[in-house]
Amino acid sequence: MADIESYDQFIDGEFVPSDGAERADVEFPYNGETWASVPLGTATDVDRAVDAARDAFERDDWAGLHPSERASLLRDVATVIDDHADELAELETRQNGKLIREMNGQMNSLGDWFRYYASQCETREGDTIPVESKDGEMFNYVVEEPYGVVGAITPWNSPLLLTTFKLAPALAAGCTFVHKPSTQTPVSALRLADLLHEEAGLPAGVYNVVTGGGSTVGDALVNHDGVDKASFTGSTGVGRHIGKSAGENLIPASLELGGKSPNIVFDDANLDNAINGVIKGIFAATGQTCLAGSRVFVHEDIADEFVERLTERARDIDLGDPRDPETEMGPVAFRDQWETDREYIQTALKEGATLRFGGHQPDDLPGECFLEPTILTDVENDMTVAQEEIFGPVASVLTFDDTDTLIERANDTDFGLAAGIWTEDFRKAHRVADALEAGTIWINEYRTLTYNSPFGGYKDSGLGRENGHEGLEEYLQTKSVWVDLAGEVDDPFTLG
């Protein structure tokens, strides 16, 4: 067994012991080997982190920074992340088993988020409002100010990328940050915090990481009197709980939640591209992404050919060690999730679906977390497998014969995160994109995001947006300032 790396909480610019004695193991999903240990934090740990973030927010070395100074720090953060991209990618892969080829790409792009929001620091402007008054001598201007301390909770599937969606705009806005990463994938966040303070020069207390469970650390963070804004990425069920807590505490909450996204293949699509796009949407990342194209709608005129070719391609997917750059699909992140995926497959079969391919654990791979890419046919839109988020490599194939019915069925879900459209008829593509109830829609592409384009969902897929200037707005509150230029108040009993 490899040496186990033991980590502490990261609070106020340094690693400190947890108030509690319990710890959680971090395993490599490929073979189940334990390689790290982190504290299962307490409410006291959260208190210390929030206090540190509050102190940092109020100090001159953060709240008092000019926008250009904050922008300079964010560019330093980007450089440090660039310099350590390979190290961070390896940590991501060891935590959740995602492909090193994907994690290398993600980590080498993270710096772009901080550079983009650095530019937002320097280019944002206020507004002057041409208000009307009796004497015409009233001036009004509007400015935006940071909320203060952000309490952020992130999931296990793309830990640092989804953290960056929140951290980069929050820091650009002038907020400070207390972060609870997933218990399955906490190490990369702890390492990131250390790097940003030690090498990038982020002031102590600006970015704090408290590891632990959702019912202890997560609830303590969202319900803390010192937290001014909540930000969460994860399941819709937990999102509802966090949204309720935030509402009771009268703080704003950004919620990026689940999805059951349609990936639509019309009969005039380029089938080579469409098949690759469907695989990219559901089997890449082992299906462990909120925007997975898990409902594959295929026009009935091409359904037989499409399913046959998709099955052939799925059969050739190379499962194996995610650290190997040649591997195409790694393991499910942990055994409980693997069992959840299998239960959904069994439920689908009981409800009448057909297992066209996959659905089992390969015999020739280590550990307990590998699941073959799975294709289900004869799926109806009201089946459990077509309505609930699975978060695994399970594609449900549904057929359609006319566009109006397709749109109705594609929208017949509680979710509205993303959608894909495959067609060579761009007029049709635009009409369908306009009709779909989803926050992100790709035409002849799937699962592509960037720092300057907003991302978020409709309906049960969440509230608010991340990335783009919309992502920055989530961490700013608006102040309207009125100035009387006349020098006197004529009538105290008249408004105006």
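Student: In which sense do E19 and E20 pair, and over how many bridges?

Tutor: Pairing of two strands means that DSSP finds at least two bridges between them. Here, strand E19 (residues 418-422) runs parallel to E20, with 4 bridges. Across that pairing, Ala419 sits opposite Ile441 in E20. Keep in mind that this is a predicted model, where local features need pLDDT of at least 70 and side-chain atom pairs count only at pLDDT 80 or more, while totals for chains, interfaces and linings use all residues. Residues are numbered from 1 along each chain as its sequence is written, and side-chain values use heavy atoms, leaving out hydrogens and water.

Student: What do labels like E19 stand for?

Tutor: Helices (H or I, at least four residues) and strands (E, at least two) are DSSP runs, numbered from the N terminus. In this model, 7 strands make an open, mixed sheet, in the order E15-E16-E17-E14-E13-E19-E20.

Student: Which strands stand at the edges?

Tutor: Strand E15 (354-357) and strand E20 (440-443); each has a single partner strand, so one side of each has no neighbour in the sheet. Neighbouring strands here are turned by 25° against each other on average, ignoring direction.

Student: Which strands does helix H9 touch, and what about H11?

Tutor: Contact means heavy atoms within 4.5 Å. Angles run from 0 to 180 degrees between N-to-C directions, with axes fitted to C-alpha atoms, for helices over the stretch in contact. Helix H9 (residues 271-282) touches E13, E14, E17 and E19, at about 170° to E13. Helix H11 (residues 335-350) packs on E15, E16 and E17, at about 20° to E16.
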